[in-house]
Number of protein chains: 2
Amino acid sequence: MKILLVGGTGTIGSAVSKELNGRHDIILAASKSGDIQVDITSRDSIESMFKNLPPLDAVVVTVGGVHFGPFETMTEDDFLMGITSKLMGQVNIVLQGQKYLNRNGSFTLTSGVLSQDPIRFGSNASTVNGAIDSFVKSAAIELLPKSYRINAVSPTVVLESMKEYSSFFSGFSPVSVNQVALSYLKSIEGAQTGQVYCVG
Amino acid sequence: MKILLVGGTGTIGSAVSKELNGRHDIILAASKSGDIQVDITSRDSIESMFKNLPPLDAVVVTVGGVHFGPFETMTEDDFLMGITSKLMGQVNIVLQGQKYLNRNGSFTLTSGVLSQDPIRFGSNASTVNGAIDSFVKSAAIELLPKSYRINAVSPTVVLESMKEYSSFFSGFSPVSVNQVALSYLKSIEGAQTGQVYCVG
């Protein structure tokens, strides 16, 4: 398969890239490095990316920023950070990407455990993750007539990020990024649609 | 209690208003009518509303627009309709409203069944409803130190809207708005927080 991996240079993206390499033909998209550059907060940048690529069998997104901070002082602009990046970035990649997908193609997005299991300072991430979970369930039924599939991977905190984030994720059982990467593989090579794969 | 009911003139809002009247002191906010006017898509309008009101014991939102339409031709602007109105409208009312709430005060927001049970043309509504469900779960844990509570009511399609929407909600079992209004009462007068009350 020809697979576009948006965010293929981050912690999870690198593990997904490693998992897929050798099995598939991967095009890495990232903000500054990769095979092609994209700013996922810009619809024009997303459109330009797709226009410069061959037709794709799978589009995977493993990137998207959110705001972490106390709820008491959170502003609309803080909150819009995750809305514009992790939520609308991924939504726009699907809305636009559906024009560039081969038959039986798939989208695999990234949400996260906080949609169901909130932590202090995480309300923006929780909201965005919950939105992505419901987005894939709803988009799946409308992409079905073209035999397109869409799923989300919802990982808990990954081992590789625990040094930085362990104080926020007290009592969470971290998983390795390699374990998380397997769910992307399931979404891409499997036949399911409208699923949220919770890892951890 | 002194209760601000944003969207108190719509189908659900009117039923909530009827349920609460006589029990509490209600201030109705709406875009054009009501006791006070507010445009929930504008942070300035929301701020001005709160600044012109006395301290509140409960804030209830029963309003918010979403876009309905086919996924294949949906644009970012279509999708942003629900993000700006039903999602960020409610989020902004909570972010700003937390400064104007009396101790033990509560927020009650509105999501909807489509977060879990999608229909054709409903991906914007599903996404926004899923976001609201996760928002209340996460905001609840951070509002707790001030003894503020937050819940969402997630109704299925209401009987009173079936004439207009029945073709979209094939097989859904509608509930009366009076039944839905009871869940708002539970959120306002009860002691729970971080809950999504699914009605129907």
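## A buried glutamine

Gln90(A) is buried, with a relative accessible area of 0%. The cut-off for buried is under 20%, so Gln90(A) falls in that class. This is a predicted model.

Where does Gln90(A) sit in chain A? Its place is helix H3, which spans residues 76-97. Setting aside residues up to four places away in sequence, Gln90(A) touches Val61(A), Val63(A), Ser85(A), Leu109(A), Thr110(A) and Ile132(A). Thr110(A) also offers its backbone oxygen: that atom lies 2.8 Å from a polar atom of the Gln90(A) side chain. Polar contacts are counted within 3.5 Å.

## How the two chains are related

Two copies of a chain are related by a rotation about an axis and a shift along it. Here, a turn of 180 degrees lays chain A on chain B. The shift along the axis is 0.0 Å, and the RMSD is 0.0 Å. That is the relation of a two-fold axis.

The same surface serves both copies. Of the contact residues of chain A, 100% recur in chain B. Which residue of chain A comes closest to the rotation axis? Ala131(A) does, with its C-alpha at 2.1 Å.

## The interface in numbers

Chain A brings 40 residues into contact with 40 residues of chain B. Between them the chains bury about 3,300 Å². Carbon and sulfur atoms account for 60% of that area. Which residues of chain A lose the most area to chain B? They are Phe71(A), Glu76(A) and Glu142(A). Together these residues make up 22% of what the chain A side buries.

## Polar links and the helices behind them

Six salt bridges are found across the interface of chain A and chain B. In a salt bridge between the two chains, the side chain of Arg43(A) meets that of Asp77(B), at 3.0 Å from N to O. Counting pairs with both residues at pLDDT 80 or more, 20 residue pairs are in polar contact between the chains.

Which helices of chain A each supply at least two residues to the side that touches chain B? They are H3 and helix H4, residues 123-143. H4(A) gives the most, with 13 residues. By residue class, the chain A side that touches chain B divides into 19 nonpolar, 13 polar and eight charged.

Definitions and conventions: Residues are numbered from 1 along each chain as its sequence is written. Chains are lettered from A and ligands numbered from 1 in the order in which they are written. This is a predicted model: local features need pLDDT of at least 70, side-chain atom pairs count only at pLDDT 80 or more; totals for chains, interfaces and linings use all residues. Side-chain values use heavy atoms; hydrogens and water are left out. Copies are superposed by least squares on the C-alpha atoms of residues with pLDDT of at least 70 in both. Contact means heavy atoms within 4.5 Å. Helices (H or I, at least four residues) and strands (E, at least two) are DSSP runs, numbered from the N terminus. Buried means under 20% relative accessible area, exposed over 50%, partly exposed in between (1.4 Å probe, protein chains only). A polar contact is a pair of N or O atoms within 3.5 Å; within protein, one must be able to donate a hydrogen and the other to accept it, and residues adjacent in sequence count only if both atoms are side-chain atoms. Buried area is the accessible area (1.4 Å probe) that two parts lose on being put together, summed over both. A salt bridge is a side-chain nitrogen of Lys or Arg within 4 Å of a carboxyl oxygen of Asp or Glu. Ala, Val, Leu, Ile, Met, Phe, Trp, Tyr, Cys and Pro count as nonpolar, Asp, Glu, Lys and Arg as charged, and the others, Gly among them, as polar.
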